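Visitor: Please pick one part of this structure and take me through it closely. I am new to it, so explain the terms as you go.

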Amino acid sequence: MSDFTIISDAIAAVVGSRASGLKVADNAVSLMLDVSGLNANQRAEIEADVRNAATQAGAQSVRVMLTAERITPRLIAVASGKGGVGKSTLSTNLAIAMARAGRSVGLVDADIYGPSQPRLMGVEGVKPEAEGKMMIPVMGAGGVPFLSMGQLVNPGQAIAWRGPMAGNALSQLVDAKWDNVRDIVVDMPPGTGDIQLSMIQKHKPIGAVIISTPQDLALIDAMRAISFFDTAKVPIIGLVENMAGYLCPNCGEMSDPFGSGGAEAAAKELGIPFLGRIPLDIKIRVESDAGTPPAMGEGPISDAYGAIAQMVATWLDSPKDNAV
């Protein structure tokens with residue numbers, strides 16, 4: 001067996017088809033390594049694995065050229081038909097839970113008029129830098145890169161923009177320098193207006209997660225959001241029921257101030273996946289306000305977000321005609 005074959009087989013065993021252009025001459029090895037979709041730590045790790053495999057197979061020197069295709073991130077819209085149902089909090093914790101599970105994920109706060117992600121991500125007052133005409137996302141809680149209109153204006157400043165201006169601002173957030181981010185969770189503004197339409201037309205999401213509270217009125221609005229995405233031919237990933245039950249910290253009694261099971265029943269009626277429930281818990285409010293979202297920690301709340309993130313990830317990884 002030739003040195004080339006031995007070294008080639010050793011490298012293929014650790015990186016598969018990512019290696020190409022292998023050359024072996026006098027125990028000196030050179031090759032190209034595709035690191036598309038990997039973050040900096042993963043790139044360093046896979047390069048080290050290749051060097052180690054080649055050395056153990058007999059190479060005395062190893063030259064590795066890293067290559068990567070430009071990734072167009074997939075957008076995951078998190079939407080509701082009305083405000084006040086916890087959409088921004090879900091977006092933040094979903095992105096963090098996906099990152100904890102090893103996904104390369106970012107977050108965009110598309111709520112131009114009411115941005116809240118800078119506080120939720122624990123970096124209020126930190127403004128993004130730019131490279132040329134492209135913004136560079138800020139690293140937020142849980143190591144998730146994100147961009148928000150709230151980073152570009154003074155705290156509490158009202159943004160009085162018409163639809164086209166808001167749409168252009170949204171495009172700047174989406175078309176930023178995301179590097180190796182594969183999936184971007186987009187915290188959509190409530191309703192089905194100009195901003196939502198701009199997002200759908202120019203930056204079509206791969207799918208949408210709809211969030212609702214259990215009561216009938218919120219579910220009616222969620223139905224409108226589902227209809228909006230159906231009309232735009234954006235698949236519905238599933239429905240999340242937020243504020244689903246309240247456990248009294250004093251007496252331990254469970255109550256349902258907003259009802260129970262409405263979102264799950266609606267999902268079943270519509271034939272879409274039910275992704276899970278998030279309880280009404282003061283811990284979510286306290287930790288979110290502090291910029292340390294509960295998905296970063298341990299316990300039942302973190303587990304609930306993690307389970308939803310897993311279902312979203314499974315949907316993203318499943319074969320489908322709408323994959324990009």
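**One strand, up close**

Guide: From strand 11, Gly207, Val209 and Ile211 point one way, while Ala208, Ile210 and Ser212 point the other way, and all are buried. Buried means under 20% relative accessible area, with exposed over 50% and partly exposed in between, using a 1.4 Å probe and protein chains only. Strands (E, at least two residues) and helices (H or I, at least four) are DSSP runs numbered from the N terminus. The model is predicted: local features need pLDDT of at least 70 and side-chain atom pairs count only at pLDDT 80 or more, while totals for chains, interfaces and linings use all residues. Residues are numbered from 1 along each chain as its sequence is written, and side-chain values use heavy atoms, with hydrogens and water left out.

In a regular strand, side chains alternate between the two faces of the sheet. Strand 11 is mostly covered, with 6 of its 6 residues buried. Strand 4 runs parallel to strand 11, and 4 bridges join them; two strands pair if DSSP finds at least two bridges between them. One such bridge links Ala79 to Ile210 in strand 11.

Ile210 also belongs to the largest nonpolar core, which has 39 residues; Ile210 is among those with the most contacts inside it, along with Val108, Leu170, Val186 and Phe229. A nonpolar core is a set of buried Ala, Val, Leu, Ile, Met, Phe, Trp, Tyr and Cys residues joined through side-chain atoms within 4.5 Å. Elements giving two or more residues to this core include strand 4 (74-79), strand 11 (207-212), helix 5 (163-174) and helix 7 (216-231). Helix 7 gives the most, 6 residues. Neighbours within four places in sequence aside, Leu170 is in contact (heavy atoms within 4.5 Å) with Val108, Ala110, Ile112, Ile195 and Met199. Apart from this core lies another, of 35 residues, among them Val85, Leu94, Val105 and Ile206.

Leu94 is one of the buried residues of helix 3. In helix 3, 12 of the 14 residues are buried, so the helix is largely enclosed by the rest of the structure. At 1.5 Å a residue, helix 3 (residues 87-100) should span 20 Å, and its end C-alpha atoms are 20 Å apart, which agrees; the expected span is 1.5 Å times one less than the number of residues. Just after helix 3, Gly102 takes a positive phi of about 95°.

As for the whole chain, there are 10 helices and 14 strands, and 46% of the 324 residues count as buried.
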